[in-house]
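Please open the model in a viewer and keep the sequence panel visible. The stops below proceed by selection.

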Amino acid sequence: MIIITVLSVYLLGMLAVGWISRKYTSTMSDFFTAAKQGTMVLVVGSYVGAHIGNGIVVGGAEYGHVNANLKL
């Protein structure tokens with residue numbers, strides 16, 4: 001039940017961000033590229049966040065796979 005609650009709150013938060021940012025963009029391209037006004041800190045932060053997040057997902061799967069094989 002806690003997981004569903006957390007995911008629901010996260011979904012509602014993401015929908016709220018999209019809904020609020022809708023009035024600041026005129027095209028879909030503006031929405032995806034932040035109207036090409038992203039600062040270097042924003043771009044680097046996005047890249048680092050995506051890289052770390054991907055590492056956690058892939059690393060977690062690898063860790064689970066290795067541990068599963070060790071218990072066999």
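Colour the chain by pLDDT, the predictor's confidence in each residue, from 0 to 100. Among the elements, helix α1 (residues 2-21) has the highest mean, 93, and helix α2 (residues 28-33) the lowest, 77. The chain averages 82, and 89% of its residues score at least 70. This is a predicted model, in which local features need pLDDT of at least 70 and side-chain atom pairs count only at 80 or more, while totals for chains, interfaces and linings use all residues. Residues are numbered from 1 along each chain as its sequence is written, and side-chain values use heavy atoms, with hydrogens and water left out.

Next, display the cartoon: there are 3 helices and 0 strands. Helices (H or I, at least four residues) and strands (E, at least two) are DSSP runs, numbered from the N terminus.

Select α1. Its end C-alpha atoms lie 29 Å apart, which agrees with the 28 Å expected for 20 residues at 1.5 Å a residue; the expected span is 1.5 Å times one less than the number of residues. Of these 20 residues, 1 is buried, so α1 lies largely in the open. Buried means under 20% relative accessible area, exposed over 50%, and partly exposed in between (1.4 Å probe, protein chains only). Across the 72 residues of the chain, 1% are buried.

Finally, select Tyr47, in helix α3 (residues 40-70). Tyr47 counts as exposed because its relative accessibility is 57%.
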